[in-house]
Amino acid sequence: MMKKILFTTCFLSFLATVSMAQEWSFRLGLGYAFPTASQTLDASGLPYSGNVTYTSANTGDIQSIGMKKASFGSGFKAVGGIQYMFTKNIGIAADINLGVTTPKYVLQTTNDVSVNKNEVSDNTYTRYAKLPVLLIPSFVLQSSGDKVNVYARAGIALPLSTQIISEEHDNYQNVAGDEEQLNKTVKTQFNLGFSGALGLSYRVSENFSFWVEGNLVALSVYPKEAEITVHTINGTATTAPPATGGKVSYVTSGTPSSNYDNVSFSIPFSSVGFLVGASYNLGKRKTVHTQE
Amino acid sequence: MKKLLTILLACSSYTVFAQHAEFARVSNSHSRNREKQPLTDVTTWYGRVGLGYAFTQAGQVNSLYGIPYSGNVSYDNTGATINSFSYKKASLNTGVNASLAMGRMFGPHIGLELAAQFDVAPTKYTFNGHNLTLGGNLSDLTITQQAKSPIFLIPAAVFQTQVANKLQAYARLGLVLPINTKVNVSVNNTDPTGNYAYTAVQSSSFSLGFNGALGLKYEAAANLKIFAEFNVMSLSAYTKKEELKSYSENGQPIPLGQISSTTTTYTLSGSNSNPNNGTGPQATSSTPFSNAGFMIGITMRL
């Protein structure tokens, strides 16, 4: 990881040294991101999305399964950022990428004995990202057209918020009406991702442009801690573990304090999508050298 | 060794192509600044050869078997409590890779490129488990997994711009079409009843990935440039089947003809024809092939 950061830093420094200041701009955009480099199974081997029917023999053998791939970085996006062009062609930018709506991944299991081996249950698992926020600093390369310009951006994706909400509802078959609800908020460790975009901008006035771009975010995050927000049985709070307000930590090495579920795992956040928006030129800064 | 190989490749290529350098620069009569005029690759074909190294990016912890790709775990003598463990993130498309590409610029800034990328020395991941409970016995299990010469086709849009005399910055954004994402698997298990070991090859269904790069090119000769770039690949493959290649018990090879089923299929959806004995399609899992790395090499006009 250090090598990646070092390389990026060196590259940034190098470009900065060969450039000259020119102008600032501000941009806003909306778009949609589709899952890429998705995963099918979570750490416990259960699908993120779809359905699993186990045999009625209650042995845990799968009778049928239907899975969908999942990435929590997909959905509708809003982007706002600033850009600073050193020259007509080279610049840097910093964007905030906000997941306005994120897909809810729902898994339905039938004849499940994974929760409690002595009790068969039909379970519903719902998982989604809670307003994910990424900070994306990047390099900008841009053509030098008058009205129409092609541009490319490449940078790193810094996850500012990538919390996952997990809601589990279990209907036990052996005791009619016996229901259990377990909700938790999973916080993640910091992990570096990468982002790239290729786009087209059209200048409609001296300071105002429209743009459209295709973009990519390559990112996985890893759980650090989960907080139990709800644990009820038949609608009543229970003191049975894990208790409401309790916390579970996730690690990749050491000695787990309770069970195997404390082992950290990867949560997919990669996406590919498009954005459309507008940018406003905040005015030229006094340049060091005349460009033309 | 990797650095040496890279330097040798760059030097030898430079020598060969420099001898045949007869490409003229395109003069830019509209520019009043000679230092900022575009270089030669305006509406031209070019070839690109590079060598680099890729690191794990967006890696996964668990493999198809629900067991970590890399690391170790040790349970106590009851097999119920973990004494210690240490796992690492993994991507099967890391290590030394080479790229061969051909492209065409349609002006000073925009072009298209098709690259073939080869992971020439993919990382081998090993998991060691002690006192794992498997089949009712406490087992010592070792699993190694390594991609089998991964190959990718990468069609991409190229954008480039002049940043200084003889120096260009460029970016690429494209698709990743996996040509080969097979994975070699080796399993060795010892428990009180004996030892078994097998090797297998996992193959994946087709899955689209994405690739991006940001780099610099320096014009070393009229027709030759040296490039250095940072690149990212985002790709997961999904296991379609696992084919048994060898099997042994207590060190004695067992002919595959004596084994009832040598192929296990994995799907996103399906019904298990005989769930009680574990036959039929199994739930597929994603195999991580994402990476981030750097590459250096040469481009030459064709």
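**Stop 1: strand E11 of chain A**

Select A:Glu180 and A:Ile233 in this predicted model. The two residues are bridge partners, with A:Ile233 lying in strand E15 of chain A. Now extend the selection to residues 179-188, which make up E11(A), and to residues 223-233, which make up E15(A). These two strands run antiparallel and are joined by 9 bridges.

Next, add residues 164-172 of chain A, strand E10, which pairs with E11(A) in the antiparallel sense over 8 bridges. On this side, A:Ile165 has A:Thr185 of E11(A) as its bridge partner.

With E11(A) still selected, display its side chains. Which of them point to the buried face? They are A:Glu180, A:Leu182, A:Lys184, A:Val186 and A:Thr188. The other face carries A:Glu179, A:Gln181, A:Asn183, A:Thr185 and A:Lys187, which are not buried. Such alternation between the two faces of the sheet is what a regular strand shows.

**Stop 2: the nonpolar cores**

Select A:Ala157 together with A:Leu141, A:Ala152, A:Ala218, A:Leu219, B:Phe159 and B:Ala171. These are the residues with the most contacts inside the largest nonpolar core, which has 86 residues. E8(B) supplies the largest share of this core, 6 residues. A separate core of 8 residues lies apart from it and includes A:Leu41, A:Val52, A:Met67 and B:Tyr266.

Return to A:Ala157 and show its surroundings. Beyond neighbours within four places in sequence, A:Ala157 is in contact with A:Leu134, A:Ile136, A:Gly193, A:Phe194, A:Ser195, A:Val217 and A:Leu219.

**Stop 3: two residues with positive phi**

Select A:Leu131, in the loop between strands E7 (119-129) and E8 (133-142) of chain A. Its phi is positive, about 45°, although A:Leu131 is not a glycine. Is the residue buried or partly exposed? A:Leu131 is partly exposed, because 13 other C-beta atoms lie within 10 Å.

In chain B, select B:Lys166, in the loop between strands E8 (151-164) and E9 (167-180). This residue, also other than glycine, has a positive phi near 70°. B:Lys166 has 13 other C-beta atoms within 10 Å and is therefore partly exposed.

**Stop 4: where the chains meet**

Colour the two chains separately. Contacts between them involve 52 residues of chain B and 54 residues of chain A. On the side of chain B that touches chain A, the elements giving two or more residues include E3 (82-88), E8, E9, E12 (209-221) and E20 (291-301). By class, this side has 25 nonpolar, 25 polar and 2 charged residues.

Select residues 253-254 of chain A, strand E18, along with E3(B): the two run antiparallel and are joined by 2 bridges. Within this pairing, A:Gly254 stands opposite B:Phe85.

**Stop 5: strands E2, E3 and E6 of chain B**

Keep E3(B) selected and add residues 70-75 of chain B, strand E2; the two pair in the antiparallel sense over 6 bridges. B:Tyr75 stands opposite B:Ile82 of E3(B). E2(B) and E3(B) form a hairpin with 6 residues between them, and B:Gly79 in the turn has a positive phi of about 75°.

Strand E6 of chain B, residues 124-134, also pairs with E2(B), in the parallel sense over 4 bridges. There, B:Val73 has B:Gly129 as its bridge partner.

**Stop 6: B:Gly47**

Select B:Gly47, in strand E1 (residues 45-56) of chain B. Its C-alpha is 6.4 Å from that of B:Gly103, although the two are 56 residues apart in sequence. Leaving aside neighbours within four places in sequence, B:Gly47 is in contact with B:Ala101, B:Met102, B:Thr299, B:Met300 and B:Leu302. B:Gly47 counts as partly exposed because it has 15 C-beta neighbours inside 10 Å.

**Stop 7: chain B as a whole, and confidence**

Display all of chain B, which has 1 helix and 20 strands. Of its 302 residues, 41% are buried. Among contacts in chain B with a separation of 6 or more, 68% join residues 24 or more positions apart.

Finally, colour by pLDDT. The mean for chain B is 83, with 83% of its residues at 70 or more. Select residues 1-40 of chain B, where pLDDT is below 50; this stretch has 50 contacts in the model beyond near neighbours in sequence. Where pLDDT is low, the predicted coordinates should not be read in detail. For the complex, the predictor gives an ipTM of 0.79 and a pTM of 0.81.

Technical notes. Residues are numbered from 1 along each chain as its sequence is written. Chains are lettered from A and ligands numbered from 1 in the order in which they are written. This is a predicted model: local features need pLDDT of at least 70, side-chain atom pairs count only at pLDDT 80 or more; totals for chains, interfaces and linings use all residues. A residue is buried if 20 or more other C-beta atoms lie within 10 Å of its own, exposed if 12 or fewer, and partly exposed in between; C-beta atoms are placed from the backbone. Two strands pair if DSSP finds at least two bridges between them. A nonpolar core is a set of buried Ala, Val, Leu, Ile, Met, Phe, Trp, Tyr and Cys residues joined through C-beta atoms within 7 Å. Two residues are in contact if their C-beta atoms, placed from the backbone, lie within 7 Å. Ala, Val, Leu, Ile, Met, Phe, Trp, Tyr, Cys and Pro count as nonpolar, Asp, Glu, Lys and Arg as charged, and the others, Gly among them, as polar. pLDDT is the predictor's confidence in each residue, from 0 to 100.
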